[in-house]
Amino acid sequence: MAPQQQQEVEVVVQQQQQQQQGERGAAAVSLRVLLFAGARELAGTAEGVLTGVPARTDVDHLLRRVTEAFSLGAMSGAFILALNHDYVMPGDQVRVRDGDELAVIPPLSGG
């Protein structure tokens with residue numbers, strides 16, 4: 001095999017390995033977290049960042065991480081999440097990318 005062909009093959013193999021690594025969720029990303037109403041009050045902030053999140057994860061993992069990172073234990077199990085403006089439910093498997101938006105939505109009341 002000519003040296004140039006070997007370099008091209010190595011680049012393709014590296015790209016495939018990186019893609020497979022991302023698909024397995026080995027890559028970690030950072031999410032922008034928005035907190036509303038009671039969640040904002042408990043956390044003491046309206047916005048934050050959640051780092052080290054696996055690219056492939058489940059909503060239960062996100063719920064635990066958000067609860068711990070933003071001191072939302074008093075609301076544990078009482079809020080839902082929206083990922084990039086779409087509601088996600090416990091048990092759902094999700095793929096996240098660096099900079100994705102995760103909204104913490106507490107129970108709504110009123111009439």
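**Exercise 1. Find the residue that caps the N-terminal end of H3, and say which atoms are involved.**

Solution. Keep in mind that this is a predicted model. Start at helix H3, which covers residues 59-69. The cap at its N-terminal end is Asp 58. A side-chain oxygen of Asp 58 lies 3.1 Å from the backbone nitrogen of Asp 60. Now go to the other end: just after H3, Ser 71 takes a positive phi of about 55°.

**Exercise 2. Work out which residues of H3 are buried and how they are arranged around the helix axis.**

Solution. Step one is to list the buried residues: Val 59, Leu 62, Leu 63, Val 66 and Thr 67. Step two is to look down the axis of H3, where these buried residues fall within an arc of 130°, so they line one face of the helix.

Step three takes one of them as a check. Thr 67 has a relative accessible area of 16%, and buried means under 20%, so Thr 67 counts as buried. Leaving aside neighbours within four places in sequence, Thr 67 is in contact with Leu 72, Gly 73, Ser 76 and Phe 79.

**Exercise 3. Decide whether Gln 93 is buried or exposed, and find what it touches.**

Solution. First place the residue: Gln 93 is found in strand S6, residues 93-95. Next take its relative accessible area, 63%. Exposed means over 50%, so Gln 93 is exposed. Then look for partners beyond four places in sequence: Gln 93 is in contact with Thr 57 and with Asp 58, the residue that caps H3. Finally, compare chain and space for one pair. Gln 93 and Thr 57 are 36 residues apart along the chain, while their C-alpha atoms are separated by 5.9 Å.

**Exercise 4. Trace the five-stranded sheet, then set H3 against it.**

Solution. Begin with the strand order, S2-S1-S7-S4-S5, in an open sheet with mixed pairing. At the edges stand S2 and S5 (86-88); each has a single partner strand, so one side of each is left without a neighbour in the sheet. On average, neighbouring strands are turned by 35° against each other, direction ignored.

Now pick one pair. S1 and S7 run parallel and are joined by four bridges. Val 33 stands opposite Leu 102 in S7. Last, add the helix: H3 packs on the sheet and touches S1, S2, S4, S5 and S7. The direction of H3 makes about 135° with that of S2.

**Exercise 5. Identify the best-connected members of the largest nonpolar core and the elements that supply it.**

Solution. The core holds 22 residues. Those touching the most other members are Leu 31, Val 66, Leu 72, Phe 79, Leu 81, Leu 102 and Val 104. At least two core residues come from each of S1 (28-35), S2 (47-54), H3, S4 (80-83) and S7 (101-105).

To see one member up close, select Val 104. Beyond four places in sequence, its contacts include Val 33, Val 66, Leu 72, Phe 79 and Leu 81.

**Exercise 6. Summarise the whole protein in a few values.**

Solution. Count the elements: three helices and seven strands. Read from the N terminus, they run α-β-α-β-β-α-β-β-β-β. Of the 111 residues, 31% count as buried. Lastly, consider contacts between residues at least 6 apart in sequence: 58% of these join residues at least 24 apart.

Conventions. Residues are numbered from 1 along each chain as its sequence is written. This is a predicted model: local features need pLDDT of at least 70, side-chain atom pairs count only at pLDDT 80 or more; totals for chains, interfaces and linings use all residues. Side-chain values use heavy atoms; hydrogens and water are left out. Buried means under 20% relative accessible area, exposed over 50%, partly exposed in between (1.4 Å probe, protein chains only). The arc is that of the directions from the helix axis to the C-beta atoms. A polar contact is a pair of N or O atoms within 3.5 Å; within protein, one must be able to donate a hydrogen and the other to accept it, and residues adjacent in sequence count only if both atoms are side-chain atoms. A nonpolar core is a set of buried Ala, Val, Leu, Ile, Met, Phe, Trp, Tyr and Cys residues joined through side-chain atoms within 4.5 Å. Contact means heavy atoms within 4.5 Å. Two strands pair if DSSP finds at least two bridges between them. Axes are lines fitted to C-alpha atoms, for helices over the stretch in contact, and angles run from 0 to 180 degrees between N-to-C directions.
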